[in-house]
Amino acid sequence: MPTIIEVAALAGVSTATVSRVLSRPEQVSEDTRRHVLAVVRASGYAPNVAARSLRTLRAAKILLTVPDISNTFFASVIRGAEEAARDAGYSVVVGDTRHDPEVEDQYADMLSRREVDGLIFLGHRLPASLAALLVRKGAAAPIVNGCEYSPDLGVPSVHIDNAAAGAEAIEHLIDLGHRTIGVITGPEVSPISRDRLAGAVAAAERHGLRDALHIGIGDYAARSAFEQTRRLLAQGVTAIFCFSDEMAMGALGAIGESGLACPADISVVGFDDLPLARYFHPPLTTIAQPKGMIGRRAVDLLVDILRGVDSPCQQVTLRHELVIRHSTATPAPT
């Protein structure tokens, strides 16, 4: 394997320029960066990451924690984060916290021990062990939240307007003519679940239909929605809005088990637009989140902090989209 001195000679630049291209590419012109990277690829050079970490006190790693790695929504967020991190010269360490505060703290300790340079957490809790760091460093603390935005967290965040998205889903069902609507939420402790419900309730109130909403508490998983749907069907709803596509899948299962059909008897709206949503039977109407972009923008915010970019605590709101497919229709005549 060639040395950095040999790579610099081949590229006709200094070793410092090669080092900057690989560790702080924003400090190098685009033409120089492309030229040096081409030489690096052609020569097969690989930097000694361990040695560089000792010299710079940088681990060149970002920790990304998710509350439930089995939830396919997070796969797209992680992929977007990994792409952005790789472009910035970082690798990503993924931790599955399983909604457990103790596990969240165990992962967060990696930041305190400098095993990673920064943390992106996709849950709704700031690990308790990082509270002191946040107080001490403020906006310079290398901590970013993705998805579960709450102003109480006090860290930069990337998210959608969940209240607006919840309202748009209910407006769609009301526009179709539904007047008795079930809503299956996420956990009550989840800020995004509370925001989606607030938006749904506000939309119903605008049409004088607040009392027509029947609310069940789920946990974003299919099983909880299956059970809640059976209860909602007994209350005579003609449509159900689920706060995740996985719960919508559970709702569709309960509808079929009850001898009913979607959308002929019951319309269903999901949330997230998972890759499989278009292949549900029927294809699912859902709120699409820019999952990969959430991951990429969260990394961008964190890298800016790590590079000392002076900016206020940013709250980035990305656009969502109501994707109308075949799981929603006008209610059947009574």
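This section describes the overall dimensions, nonpolar cores, helix packing and backbone exceptions of a predicted model.

The protein has 334 residues, of which 50% count as buried. Its secondary structure consists of twelve helices and twelve strands. Taken along the principal axes, the C-alpha atoms fill a box of roughly 80 × 40 × 30 Å. When contacts between residues at least 6 apart in sequence are considered, 73% join residues at least 24 apart.

The largest nonpolar core comprises 43 residues, and within this core Ile170 and Phe241 touch the most other members. At least two core residues are supplied by each of helix H8 (162–176), strand E6 (181–185), helix H9 (191–206), helix H10 (222–234), strand E8 (239–242), helix H11 (245–257) and strand E9 (267–272). Helix H8 provides the largest share, with six residues. Apart from this core lies another, of 28 residues, which includes Val66, Val92, Ile120 and Val299.

The surroundings of Phe241 were examined with residues up to four places away in sequence not counted. On this basis, Phe241 touches Gly166, Ala169, Ile170 and Leu173, together with Gly182, Val183 and Ile184. Val269, Gly270 and Phe271 are also touched by Phe241.

Helix H8 additionally packs against helix H9. The axes of the two helices come within 7 Å and cross at roughly 40°. H8 is therefore oblique to H9, and the crossing in which H8 passes H9 is right-handed. On the H8 side, the contact is made by Asn162, Ala163, Gly166, Ala167, Ile170, Glu171 and Ile174. On the H9 side, the contributing residues are Ile192, Asp195, Arg196, Gly199, Ala200, Ala203, Ala204 and Arg206. By residue class, the contact divides into eight nonpolar, three polar and four charged residues. Ile170 thus appears both in this helix contact and in the largest nonpolar core.

Two cis peptide bonds that precede proline were identified in the backbone. One runs from Cys262 to Pro263, with omega near 5°, and Pro263 is placed in the loop between H11 and E9. The other joins His281 and Pro282, with omega about 0°. Pro282 is found in the loop between E9 and strand E10 (285–288).

Positive phi values were also found at residues other than glycine. Cys147, which is not a glycine, has a positive phi of about 85°. This cysteine is located in the loop between strand E4 (143–146) and strand E5 (157–160). Cys147 counts as buried because its relative accessible area is 7%, under the 20% limit. Asp272, likewise not a glycine, has a phi near 120° and lies in strand E9. With a relative accessible area of 7%, Asp272 is buried.

Ser157, a residue of strand E5, was examined as a further buried position. Its relative accessibility of 1% is under 20%, so Ser157 counts as buried. Leaving aside neighbours within four places in sequence, Ser157 is in contact with Asn145 and Tyr149. The remaining contacts of Ser157 under this criterion are with Leu301, Gln314, Gln315 and Val316.

Notes
Residues numbered from 1 in each chain as written. Predicted model: local features only at pLDDT ≥ 70, side-chain atom pairs only at ≥ 80, totals over all residues. Heavy atoms only, no water. Core = buried A, V, L, I, M, F, W, Y, C linked by side-chain atoms within 4.5 Å. Buried < 20%, exposed > 50% of the residue type's maximum accessible area, 1.4 Å probe, protein only. Helix = DSSP H or I, 4+ residues; strand = E, 2+ residues; numbered from the N terminus. Contact = heavy atoms within 4.5 Å. Axes fitted to C-alpha atoms, helices over the stretch in contact; angles between N-to-C directions. Parallel < 35°, antiparallel > 145°, perpendicular 65-115°, else oblique. Left-handed = near helix turned anticlockwise from the far one by under 90°. Nonpolar A, V, L, I, M, F, W, Y, C, P; charged D, E, K, R; others polar.
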